[in-house]
Amino acid sequence: MLVGGKNYKSIWLDESNPEIVRAIDQQKLPFFFEIREMRTVDDIFYAIKEMIIRGAPVIGAAGAFGIYLATLEMTATTNPHLHLENAARYLISCRPTAVNLSWAVNYIMEKLNKNVPEYSLSATALQAALEICEKEEENCRQIGTHGLEVIKEISKIKNPVNILTHCNAGWLACIDYGTVTSSIYLAHEKGIPVHVWVDETRPLNQGARLTAWELGQAGVPHTLISDNTGGHLMQHGMVDIVMVGSDRTTSKGDVANKIGTYLKALAASENNVPFYSVFPSSSLDASISDGMTEITVEERDPEEVKNVTGFSGGKIGSVLICPENTKAVNYGFDITPAKYITGLITEKGICKPAEKDIKKMFPDKFN
Ligand code: MRU
C-alpha cells in the first residue's frame, strides 16, 4: 500500500540485511509513521504482545518470521529441534485468540521436520515465512473480489453503500490489502459510492487510530463513531451492511472477533442489516465447533480500559479516565454465534456460516 507515495507491506524482511524483520509500528499510528525492527524471537514476542503488530493474519506472519529468527539464534551447542519447539510454544503463547498465530507457527514447524539438515533450517524457515506472506496477500486480493460483489448488489438500491466496520481489518492487519478493506478499496476504485462508519473500538481504538487512517490514505469516505452508535444508525436505516474480520472461525461458523462485534451482530439482526465476517482460511479453525465454549478469549491488562492513549503537544500519551482505584476488566474478544451471521467472505468465495457449506469450501481443513 502507498504511504506518502512509497509502497509498504504490513511486514517484510529487510532488503539489505536478511536477519532483520520489519513492520509498521501500529502503536504509533496515526500520529507517527515508524518502522519497527525485529532481530530476535523476543523482539517478535514483544511486538505481538504489545500490539505493535496486531490483527490476526499479520500476527500469523510475524510468528512465522519469529521461527525464522529462532533458527538464526542457534549456536554450535544448540539442540536445534528442542530450541525451535521451545520458540514455537513461546510465540504461540503470546496471544491466544487469533488462530492464525498457531496456524502459521505450526506450518513452519512442519516444514522444519527432522529430515531437514541443520544447515538449511534458516533457509527453509525463511522460505516458508515468505510463502505465508505471499499467500495471505493473494488471499486478501481474492477476498476483495468476492466482497465487491456483495457491495455491488447493494449499490443497485443504495447510494452510497453505508458499511459499518469494527476494529481494524485493514492492510496493516491483514497483509497488504486487508480483508474488510480489500472489497471497500475495490468498490471505491470502480466508482461505486461507498461510505464507511468506523467504530472507534475501545479500549485500544484500532478503528479510530488505524482504520480511519487507512481509509483516509486511500481517499475512501468514512465517519468515525463511538462504539455505542451502531445500533442507533441501524435503527434509522443508515447502515446497509456490517463487515467485520475474524480472529477465529469455528467449523460451524461462530466468529471470534474484537470485543463489541457481538453487539453489532445483535443490532444488525434486529434491524435486518446483513452482517458479514470477512477472513482468509488461516483464520478458520475447523478443529472446534462451538465458539462459546471452545475459544479462549484473551484477557488483557485492565489498565488499557482505565486509560486512553492519544496525541497532545506533539507527543503520544495516556490519561486516566476513571477513579484511580476503579476495578476494570479487559476482554479482548467476543464470540458472534453463526445464527447472527449472514455470510462468510473468504478467498474461495462466500458461504453460509454452516458446517456443510464451510466444509464444501475448505475440505482440507476438515481432515
Ligand atoms: O486485538 P487485535 O487488534 O489484534 O484484534 C483484531 C481484531 O479483532 C480484528 O478485527 C481481527 O484481527 C480480524 S481481521 C484483522
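These legends accompany close-up views of a predicted model.

**View 1. The ligand lies between two domains.** Domain 1 (2-135) and domain 2 (144-366) both give residues to the shell around the ligand, so the ligand lies between them. The space that the ligand takes is the largest cavity.

**View 2. The shell around the ligand has 18 residues.** Arg54, Arg95, Gln206, Asp247 and Lys258 come nearest to the ligand. By class, the shell divides into 8 nonpolar, 6 polar and 4 charged residues. Two elements each supply at least two residues of this shell: helix 2 (56-72) and strand 11 (255-258).

**View 3. Polar atoms of Gly55, Asp247 and Asn257 face oxygen atoms of the ligand at short range.** For Gly55, the partner is a polar backbone atom, 3.1 Å from an oxygen atom of the ligand. For Asp247, an N or O atom in the side chain is 2.8 Å from an oxygen atom of the ligand. Asp247 is also among the residues that come nearest to the ligand. For Asn257, an N or O atom in the side chain is 2.9 Å from a ligand oxygen atom. Taken alone, the ligand exposes 400 Å², and the protein buries 100% of that.

**View 4. A cis peptide bond joins Leu29 and Pro30.** Omega is about 0 degrees for this bond. Pro30 has its place in the loop between strand 4 (21-24) and strand 5 (35-38). Most peptide bonds are trans.

**View 5. The peptide bond from Arg202 to Pro203 is cis.** Here omega is near 5 degrees. Pro203 lies in a loop that runs between strand 7 (194-199) and helix 7 (206-218). Gln206, one of the residues that come nearest to the ligand, falls within the bounds of helix 7 (206-218).

**View 6. Met51 has a positive phi.** The value is near 65 degrees, in a residue other than glycine. Most residues other than glycine have a negative phi. Met51 is found in the loop between helix 1 (41-49) and helix 2. Helix 2 (56-72) is one of the elements that supply at least two residues of the shell around the ligand.

Conventions:
Residues numbered from 1 in each chain as written. Predicted model: local features only at pLDDT ≥ 70, side-chain atom pairs only at ≥ 80, totals over all residues. Heavy atoms only, no water. Near = heavy atom within 4 Å. Polar contact = N/O pair within 3.5 Å; in protein donor to acceptor, adjacent residues only side chain to side chain. Areas by Shrake-Rupley, 256 points an atom, 1.4 Å probe, with all protein chains shown as cover. 1 Å grid on protein atoms, 1.4 Å probe; cavity = no way out; pocket = protein on both sides within 12 Å on 5 of 7 lines; lining within 4 Å. Sits in = over half its atoms within 2 Å of the grid points. Helix = DSSP H or I, 4+ residues; strand = E, 2+ residues; numbered from the N terminus. Nonpolar A, V, L, I, M, F, W, Y, C, P; charged D, E, K, R; others polar. Domains from an automatic or database assignment.
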